[in-house]
Amino acid sequence: MGSVPNYQGSLGTIGNYPEAFDQYVRVYNDLGAAVAEGDVYFLDWKRDADSLAVAARPTLVACATSAVARQVVVVTEAIADKAWGTVQWRGHCKKVAAASTTAVDDYLQGVNASAVSGDDGTSQTADSFGIAITDEDTVAGFCEAVLFGTLATIG
C-alpha cells in the first residue's frame, strides 16, 4: 500500500482554518438590554438609537423576517446595553445559541424575533448562515458552528 507525503485528508480541518478566515467586528449595543455570548443578531449600519454625539456604527438589530439578505452575527462576549463589544460573522464559532433540534451538519438560520438560531435542516438555503459542527447541547442550548460570512434572509 502506498502513501502520499504530507497528506492530511480531513484530519484536523475544523478549527484549523487560515487565521484570516475567522472574522469579527466591534458593534455598539443599543438594544435596550445586555446581549449574551452566543446570541444571534443581524448586523445593522443605522445610527445608534441612543443618538450619541458621534454616531455609533455598526449596531445590532433583532433577526426579523426579511426578503433582503442581511449579515447574521454571533455575539462572542456579553455586551451591556450602551456598550461596545465583539461579534463574529465568519469562521469557526465555539458558541452559537441553537434550537434543540440542531445536530451535526444541520444548517443554521436566523429566527424571527429570537436570539437563538433555528435548525435549517440538512440542505443549505438562502436562510442559512452557518453549519453546526457539534450537536446542540440540550442542557446548555449551544453548538459549535462554522459561520459562512455570507448574507442570509429569514423567510
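I take a residue as buried when its relative accessible area is under 20%, and by that cut-off I find 39% of the 155 residues of the chain buried. What I have open is a predicted model, and I keep that in mind throughout these entries.

**Entry 1: confidence**

I looked up the confidence before anything else, and the chain averages a pLDDT of 89, with 88% of the residues scoring at least 70. In the chain, strand β5, residues 72-75, has the highest confidence with 98, whereas strand β4, residues 66-70, has the lowest, at a mean of 92. I note for myself that predicted coordinates should not be read in detail where pLDDT is low.

**Entry 2: overall make-up**

I then went through the secondary structure, which comes to 11 strands and 0 helices, so that reading along the sequence I write down β-β-β-β-β-β-β-β-β-β-β. Among contacts between residues at least 6 apart in sequence, 61% join residues that are at least 24 apart. For the surface I have about 8,300 Å² exposed by the chain, of which carbon and sulfur atoms supply 54%.

**Entry 3: the neighbours of β10**

Next I followed strand β10, residues 142-148, which runs antiparallel to strand β6, residues 83-97, and is joined to β6 by 6 bridges. Within this pairing I located Val96, whose bridge partner in β10 is Cys143. Strand β10 also pairs with strand β9, residues 128-132, again in the antiparallel sense and over 3 bridges, and there I found Ile131 opposite Val146 of β10.

**Entry 4: the nonpolar cores**

Which residues of the largest nonpolar core touch the most other members? I list Val40, Val74, Val96, Leu108, Phe129 and Leu147, out of 16 residues in that core. The elements that give two or more residues to this core are β2 (40-44), β5, β6, β9, β10 and β11 (152-154), and β10 supplies the largest share, with 3 residues. Apart from this core I noted another one, of 9 residues, which includes Val27, Leu43, Val73 and Ile79.

**Entry 5: around Phe129**

Finally I looked up what surrounds Phe129, leaving out residues up to four places away in sequence, and its contacts include Val40, Val72, Val74 and Leu108. Further along the chain, Phe129 also touches Val146, Leu147, Phe148, Gly149 and Ala152, and I add Gln109, Gly110 and Ser117 to complete the list. I mark that Val40, Val74, Leu108 and Leu147, which Phe129 touches, are also among the residues I listed for the largest core.

Conventions. Residues numbered from 1 in each chain as written. Predicted model: local features only at pLDDT ≥ 70, side-chain atom pairs only at ≥ 80, totals over all residues. Heavy atoms only, no water. pLDDT = per-residue confidence, 0-100. Helix = DSSP H or I, 4+ residues; strand = E, 2+ residues; numbered from the N terminus. Pairing = 2+ DSSP bridges. Core = buried A, V, L, I, M, F, W, Y, C linked by side-chain atoms within 4.5 Å. Buried < 20%, exposed > 50% of the residue type's maximum accessible area, 1.4 Å probe, protein only. Contact = heavy atoms within 4.5 Å. Areas by Shrake-Rupley, 256 points an atom, 1.4 Å probe, with all protein chains shown as cover.
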